[in-house]
Amino acid sequence: MGATGNFKITIPISEDSEIPPTEETQLIPTSCAQFPGSFAPDLREDKRRVSKRSGFSDRIYIFFTDGWGDVTVWKSAFIEFVGTTCLCYLSAFISIAIRNSDTTQIAAYVGVTNIFLLTLFICALAPASGGHMNPIITFATVITGLTGFPRGMLYMIGQTTGAALAGGLIRGSLGDQRTLIYNGGGCFLETTSVSEGQAYLIESIFSCIMLILSFGTALDPRQAQLFGPRLGPFMVGCTLGFVSFSSINLAPEYPGAGLNPARCFAFAVARGNFAYQWIWWFGPVTGAIIQSSVYHFAPPYHRERVDRRHST
């Protein structure tokens with residue numbers, strides 16, 4: 001038997017072949033996407049070193065340029081594209097299914113389904129990309145320094161493009177009439193019940209809370225030691241579930257905080273109406289800036305001097 005995690009395949013050997021009949025080849029699992037902003041605790045190998053000799057301009061240059069030529073980063077961005085497409089598409093149909101069930105407990109159903117939906121997607125994609133599937137998660141990890149700028153930009157482009165594709169697939173699957181009836185799946189606003197300013201404030205605060213909880217339960221480097229690699233994705237799913245549960249049914253014709261700009265963009269593409277899209281984007285950005293300020297004020301790490309002469 002091969003090593004754990006490896007798949008061994010025996011190559012058929014013909015009589016005329018010069019290859020020894022006992023030779024075998026192995027399918028080795030592809031290396032995982034390892035960076036501090038991953039939702040998989042075991043894949044957060046952080047080799048960042050801060051040298052006192054390097055100037056601020058050098059650090060900025062490395063931050064903005066290091067990673068563009070890494071093929072694995074581009075592959076991870078493609079996985080984010082695929083994952084976001086699937087997540088947005090499935091989320092729309094879950095919302096429609098709950099709406100058609102005529103239940104009075106919509107908030108409970110949405111909260112529970114979000115817990116399992118996000119947990120499963122993170123578990124499925126974290127080894128390949130870190131399992132973000134949300135531009136605001138990626139943006140928050142970029143401005144906190146957990147995700148490099150090239151990876152972050154490629155991820156957000158992939159997520160937004162995937163959301164646009166999901167929107168087209170939703171409209172194609174439901175047809176024009178039913179898509180408009182269901183508002184493309186969600187993320188809509190009638191200002192007669194909630195004003196733009198109120199919706200923006202709700203989106204900002206709820207996004208900030210979601211990010212604080214997500215960072216604290218899954219992205220804090222100390223969490224892997226406390227809870228291990230398996231509980232982190234579930235805790236992120238619980239975070240989304242409870243936060244989304246808290247904002248549902250606040251007012252008629254307002255489904256609550258979106259918490260994922262890509263998801264709301266997909267629904268807007270599906271219904272062909274981009275009204276109030278700025279709320280679903282700038283609200284989470286505001287929340288991310290607030291959260292990053294807290295993160296930088298009390299970071300979950302400390303800098304330690306490294307003697308390069310004795311480091312390996």
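A residue counts as buried under 20% relative accessible area, as exposed over 50%, and as partly exposed in between. By this criterion L213, with a relative accessible area of 37%, is partly exposed. The residue is found in helix α6. The structure discussed here is a predicted model.

## Overall architecture

The chain contains 9 helices and 2 strands. Read from the N terminus, the order of elements is β-β-α-α-α-α-α-α-α-α-α. Of its 312 residues, 42% count as buried. The area that the chain exposes is about 17300 Å², and carbon and sulfur atoms supply 62% of this area. Among contacts between residues at least 6 apart in sequence, 76% join residues at least 24 apart.

## Nonpolar cores and a surface patch

In soluble globular proteins, nonpolar side chains tend to be buried together. The largest nonpolar core of this model has 50 residues, of which F39, I122, M210, L211, F215, Y254 and L259 touch the most other members. Helices α2, α3 (106–129), α4 (135–143), α5, α6, α7 (223–247), α8 and α9 (277–297) each supply at least two residues of this core. Its largest share, 8 residues, comes from α6.

L211 illustrates the connections made by a core residue. When neighbours within four places in sequence are left aside, L211 is in contact with I136, I137, A140, G287, A288 and Q291. A second, separate core consists of 6 residues, including F35, V73, A77 and Y155.

Nonpolar residues also occur on the surface. L201, I205, I209 and L213 form a nonpolar patch there, and their accessible area together is about 330 Å². Within this group, L213 is partly exposed at 37% relative accessible area.

## Cysteines and the disulfide

How many disulfides does a search of the whole structure find? The search yields 1. This disulfide joins C187 to C264, with an S to S distance of 2.1 Å. The torsion about the S-S bond is about -50 degrees, so the disulfide is left-handed. C187 lies in the loop between α5 (149–181) and α6 (196–219), whereas C264 lies in helix α8 (residues 261–271), so the pair ties together parts that are 77 residues apart in sequence.

C88 presents another case. Its sulfur is 8.9 Å from the closest cysteine sulfur, which belongs to C264, and this is too far for a bond. The cut-off for a disulfide is a pair of cysteine sulfur atoms within 2.5 Å. The accessibility of four cysteines is listed below.

| Cysteine | Relative accessible area | Class |
|---|---|---|
| C88 | 1% | buried |
| C187 | 4% | buried |
| C238 | 14% | buried |
| C264 | 0% | buried |

## The surroundings of S76

S76 belongs to helix α2 (residues 71–100). Is this serine buried or exposed? S76 is buried, because its relative accessible area is 5%. Apart from neighbours within four places in sequence, S76 is in contact with A33, A128, S129, R151 and Y155. One of these contacts, Y155, is also a member of the second nonpolar core.

## Loop residues and long-range proximity

Two loop residues pair with positions far along the chain. A251 lies in the loop between α7 and α8. This alanine counts as buried, because its relative accessibility is 16%. A251 touches S193 and V194, not counting residues up to four places away in sequence. A251 and V194 are 57 residues apart in sequence, and their C-alpha atoms are 6.9 Å apart in space.

R222 lies in the loop between α6 and α7. At 47% relative accessibility, R222 counts as partly exposed. The C-alpha atoms of R222 and P300 are separated by 7.6 Å, although these residues are 78 residues apart along the chain.

How values were computed. Residues are numbered from 1 along each chain as its sequence is written. This is a predicted model: local features need pLDDT of at least 70, side-chain atom pairs count only at pLDDT 80 or more; totals for chains, interfaces and linings use all residues. Side-chain values use heavy atoms; hydrogens and water are left out. Helices (H or I, at least four residues) and strands (E, at least two) are DSSP runs, numbered from the N terminus. Buried means under 20% relative accessible area, exposed over 50%, partly exposed in between (1.4 Å probe, protein chains only). Contact means heavy atoms within 4.5 Å. Patches are made of residues with over 30% relative accessible area and no salt bridge: like charges are joined within 9 Å, nonpolar side chains (Val, Leu, Ile, Met, Phe, Trp, Tyr) within 5 Å. Accessible areas come from the Shrake-Rupley method with a 1.4 Å probe; for residues, only the protein chains shown count as cover. A salt bridge is a side-chain nitrogen of Lys or Arg within 4 Å of a carboxyl oxygen of Asp or Glu. A nonpolar core is a set of buried Ala, Val, Leu, Ile, Met, Phe, Trp, Tyr and Cys residues joined through side-chain atoms within 4.5 Å.
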